[in-house]
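Student: I have the structure open and would like to test the labels people attach to it. Could we go through them one by one, with the reasoning spelled out?

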Amino acid sequence: MFHIGIDSGGTHIVAEAYADGELIAQATAGPGNIALDPDGTKKNLLSVIEKIFQHWPVTECAGILIGIAGVATAGGQQEIIQAMQAKYTVPVAVVSDAELAMLNGLHGEDGITAIAGTGSICLAQINGQRLRVGGWGWRFGDDGSGYDIARRAFQVMLAARDEGQTSALELVLMEALHVPDYLAAVARSYQLDRSAFAALARPVADAAVYGNAAAQQVIQGAAQALARQIKTALTRSQLPNTAVIALAGSVPANNDLFFQTIADQFKGHVFRRLTGSNAPGVQYYQFGK
């Protein structure tokens, strides 16, 4: 028997099948944010499941766990479950992408999972109970996220201009946006959607790697902001000072300075740095409970 875990994110969907702890099949499809495109998400989810079942029989599938971006706010879990079960007689469960990351990061045990991608959220699990810190979206939070890094970079650039100076981040942002000056960079930023603006974190992170001190300070500042949320989650949950802390999402996965800045503040804790899909979290989910 095998289980299928599906990580349905805003840019793409990854499905992975596991049997006895081993990856036996994988499939991918396009975007899967149910809040932005419910019909397209459902279509892409069915597509990846079909690809798995082309190689492994439905009768040997013990369950499908789907973690979907946007489901916590948009809902739609039952519609997805009904669509799956109308085609396949298999147990299906739908959770948020954050909950899937928590399963993957904590292996079903107690601890903290901090997720920083386009947005951010910090989740704690203790004795089967869960609590959240942050995750209130770009308007009210998302500390340590790609969006936060981009916002901090603009703030540094503009604060320098207010002082009659030029920040080392100005050229970085101008080149990333293909504009001639900082005023055009500001104007262009207001034309970007949330994801495109958050993507500006990548050139800032690259600049930090190559020694741009202003970029390094931005990355460290964002990491410290997420670290504060982790500390709050540890205090509220009363987890031990050796608890597992899992860092998930594109920001800690791809940015050594960001990851190390956080890890340095939690000596004694076990750190797990998650990369790639969170679909392996299906191995720690208990269907039917």
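Student: What makes strand E6 and strand E9 a pair?

Tutor: In this predicted model, strand E6 (residues 111–116) and strand E9 (residues 244–248) are joined by four bridges in the parallel sense. Pairing asks for at least two bridges between the strands, so E6 and E9 count as paired. Ile112 stands opposite Ile245 in E9, and Thr113 stands opposite Ala246.

Student: Which other strands pair with E6 and with E9?

Tutor: E6 also pairs with strand E7, in the antiparallel sense and over six bridges. In E7 the bridge partner of Ile112 is Ala124, and a hairpin of three residues connects E6 to E7. E9, for its part, runs parallel to strand E10 (residues 270–273), with four bridges between them. There, Val244 has Val270 as its bridge partner.

Student: Why is E6 called largely enclosed?

Tutor: A residue is buried when its relative accessible area is under 20%. Six of the six residues of E6 are buried, so the rest of the structure largely encloses E6. Gly111, Thr113 and Ile115 point one way, Ile112, Ala114 and Ala116 point the other way, and all are buried.

Student: How do you know that E9 is covered on both sides?

Tutor: Five of the five residues of E9 are buried. Val244, Ala246 and Ala248 point one way from E9, while Ile245 and Leu247 point the other way, and all of them are buried. In general, the side chains of a regular strand alternate between the two faces of the sheet.

Student: What can be said of strand E5 by that reasoning?

Tutor: Five of the five residues of E5 (residues 92–96) are buried, so E5 too is largely enclosed by the rest of the structure. Its parallel partner is strand E4 (residues 61–68), with five bridges between them. Among these, Ile68 has Ser96 in E5 as its bridge partner.

Student: Turning to helices, what puts the buried residues of helix H10 on the same side?

Tutor: In H10 (residues 201–209), the buried residues are Ala201, Val204, Ala205, Ala207 and Ala208. They span an arc of only 160° around the axis, which places them on the same side of H10. As background, an α-helix has 3.6 residues a turn, so residues three or four places apart point the same way. The buried residues of H10 pack against helices H6, H7, H9 and H11. After H10 comes Gly211, with a positive phi near 95°.

Student: Is Met174 in helix H7 buried or exposed, and how do you know?

Tutor: Met174 has 14% relative accessibility, so it counts as buried, the limit being under 20%. Leaving aside neighbours within four places in sequence, Met174 is in contact with Val179, Pro180, Asp181 and Tyr182.

Student: What makes Asn127 and Asp142 worth a second look?

Tutor: Asn127 has a positive phi of about 50° although it is not a glycine. Asp142, also a residue other than glycine, has a positive phi near 60°. Most residues other than glycine have a negative phi.

Student: Why is one called exposed and the other buried?

Tutor: Asn127, in the loop between E7 and strand E8, has 66% relative accessibility and therefore counts as exposed, since exposed means over 50%. Asp142 sits in the loop between helix H5 and H6. With a relative accessible area of 2%, Asp142 is buried.

Student: Where does Asn33 fall, buried or exposed?

Tutor: Asn33 belongs to the loop between strand E3 and helix H1. At 17% relative accessibility, Asn33 counts as buried, because the limit is under 20%. Not counting residues up to four places away in sequence, Asn33 touches Gly9, Gly10, Thr41, Ala69 and Gly70.

Student: How do you know which helix gives the most to the lining of the second largest pocket?

Tutor: This pocket has a volume of about 300 Å³. Of its 13 lining residues, Tyr147, Arg151, Ser189, Tyr190 and Phe197 are the closest to the centre. H6, helix H8 and H9 each supply at least two lining residues, and H6 gives the most, with five. By class, the lining has eight nonpolar, two polar and three charged residues.

Key:
Residues are numbered from 1 along each chain as its sequence is written. This is a predicted model: local features need pLDDT of at least 70, side-chain atom pairs count only at pLDDT 80 or more; totals for chains, interfaces and linings use all residues. Side-chain values use heavy atoms; hydrogens and water are left out. Buried means under 20% relative accessible area, exposed over 50%, partly exposed in between (1.4 Å probe, protein chains only). The arc is that of the directions from the helix axis to the C-beta atoms. Contact means heavy atoms within 4.5 Å. On a 1 Å grid over the protein atoms alone, a cavity is a set of points where a 1.4 Å probe fits but cannot get out, and a pocket is an open set with protein on both sides within 12 Å along at least five of seven lines; lining residues have an atom within 4 Å of a point. Grid points are joined across faces, edges and corners, and a volume is the space filled by probe spheres set on the points. Ala, Val, Leu, Ile, Met, Phe, Trp, Tyr, Cys and Pro count as nonpolar, Asp, Glu, Lys and Arg as charged, and the others, Gly among them, as polar.
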